[in-house]
Amino acid sequence: NSSDLTPSSFILASIPGLEAAHFWMSIFLCSMYIVAVTGNCAVLLIVKTEPSLHAPMYFFLCMLAAIDLALSTSTVPRVLSFYWFNTREISFGACLVQMFLIHTLSAIESTVLLAMAVDRYVAICHPLRHAAILTNAATVKIGLVAMARGVLFFLPLPLLLLPLPFCSSRLLSHSFCLHQDVMNLACANTTPSVVYGLTAILLVMGLDVILICLSYILILKAVLRLASWKERLKAFSTCVAHICVVLAFYVPLIGLSVVHRFGKDLAPLVHITMGNIYILVPAVLNPIIYGVRTKQIQKRILNLI
C-alpha cells in the first residue's frame, strides 16, 4: 500500500513574490555556471598538456575540477530549465538520482581535499620522501578509494527513501533534491534515514575535517621549526590555495546543514540561496584560487588567452 503513496514527482521550490525575477536570476546563475565549466575545463586541459604539472598535487586538482564539473552539471541545467521554462516538477526517480549524485560527489570531493592536505603534509614535513610516498600510482589508487568511499556511504540514502510513503505535500525547499529535504516530506518513521544520514556525514565529512585540521597542526609545527620567517612564509604559502579551497567547500556545506537544522522558519530565499551557494561557489572559486596561486597555471592561461 505504501507504493500508492509514492509521488510520481516533486515540485521544486520557487521564491514567493519573485517569480517575475526568475529570468534575471537565471542569467546570474547561468553566468556562474559558465565560469565554473570554463575554469574547471581550463584546469583539466592545462594539467594534461603541461608536463611540468604531472605531479600528485595537480592530479588531485584535476580530480577536484572533474568533481566540480559533475556536481554543477547534475544540478544547474535542471535549475535553469525551471527558471526559463517553469518546469517545476522533477520525477521521483530523477530526484533520487540527483540526490545520490550530489551527496556522493560531495563525499568524493571531501576525500580528495583530505588527500591534498596529506600531500601538503608530506611535502613540508617529509620532503625527501614525498616522491616515494605519493607516486602517480598511489594518486590513482587514492582517487579510486575516494570514489568507492563516496558511493558505498551514500548509496543507501535513496534506497532508504524508496519504501517510504509520502504525504500530500510534494514541495521541496530547494531548486534541486537533497536527502534532508526529500526525507522531511515522508509521512512515516524516518529515524533509520536520519540516523544513517547523520552517521554517513560524520564518518565522511566530519572525519575528513578532523584529519585535515590535524594535518595542518603538524604542518604548522614543522613550519615553526624553520630557522627564519622567510622560510616559514615560503613553506606555508604552498598551503594557502588548499586552505582557501577547503573553506570554500566546508563553509557552504556547514551553512546549508545549519539552515536545514535550525532554519525551518526562514524565508524560502535563504534556503534557495544557500543551496545554490553550496552547489556553485566551490566550482567557481576552486579554479580561480589555484589559477591565482599557481604560476604555471597562470602562465598557461595567459598563453591560451
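This passage walks through a predicted model of a protein chain, from its overall build down to a few single residues.

Starting with the whole chain, the fold is built from 13 helices and 2 strands. Laid along its principal axes, the C-alpha trace covers about 70 × 45 × 35 Å. How does that fit with the chain's 305 residues? A compact globule with 305 residues would have a radius of gyration near 19 Å, and the protein chain comes in at 21 Å, so the two agree. Contacts tell us how the chain folds back on itself: of those between residues at least 6 apart in sequence, 80% link residues at least 24 apart. As for what is hidden and what is not, 48% of the 305 residues are buried. The chain exposes about 15100 Å², with carbon and sulfur atoms accounting for 73% of that area.

Helix H4 is a handy element to look at next. It runs over residues 92-125, and at 1.5 Å a residue its 34 residues should span 50 Å; the C-alpha atoms at its ends sit 49 Å apart, which agrees. Much of H4 is tucked away, too: 26 of its 34 residues are buried, so the helix is largely enclosed by the rest of the structure.

The surface has a nonpolar patch worth a look. Phe23, Trp24, Ile27, Trp84 and Phe85 make up this patch, and together they offer about 610 Å² of accessible area. Two elements, helix H1 (22-49) and H3, each give two or more residues to the patch. H1 supplies the largest share, with 3 residues. One patch member, tryptophan 24, is found in helix H1. Is tryptophan 24 buried or exposed? Its relative accessibility is 62%, and because anything over 50% is classed as exposed, tryptophan 24 counts as exposed.

Moving on from H3, the chain enters a loop that holds asparagine 86, with helix H3 (76-85) on one side and strand S2 (89-91) on the other. What stands out about the backbone here is phi: for asparagine 86 the angle is near 60°, a positive value in a residue other than glycine. The side of the ledger that asparagine 86 falls on is again set by the 50% cut-off: with a relative accessibility of 53%, asparagine 86 counts as exposed.

Taken together, the model pairs a largely enclosed helix, H4, with a nonpolar patch on the surface that draws on H1 and H3, and with an exposed loop residue, asparagine 86.

Technical notes: Residues are numbered from 1 along each chain as its sequence is written. This is a predicted model: local features need pLDDT of at least 70, side-chain atom pairs count only at pLDDT 80 or more; totals for chains, interfaces and linings use all residues. Side-chain values use heavy atoms; hydrogens and water are left out. Helices (H or I, at least four residues) and strands (E, at least two) are DSSP runs, numbered from the N terminus. Buried means under 20% relative accessible area, exposed over 50%, partly exposed in between (1.4 Å probe, protein chains only). The expected span of a helix is 1.5 Å times one less than its number of residues. Patches are made of residues with over 30% relative accessible area and no salt bridge: like charges are joined within 9 Å, nonpolar side chains (Val, Leu, Ile, Met, Phe, Trp, Tyr) within 5 Å. Accessible areas come from the Shrake-Rupley method with a 1.4 Å probe; for residues, only the protein chains shown count as cover. A salt bridge is a side-chain nitrogen of Lys or Arg within 4 Å of a carboxyl oxygen of Asp or Glu. The radius of gyration is taken over C-alpha atoms; the globule rule is 2.2 Å times the number of residues to the power 0.38. Contact means heavy atoms within 4.5 Å.
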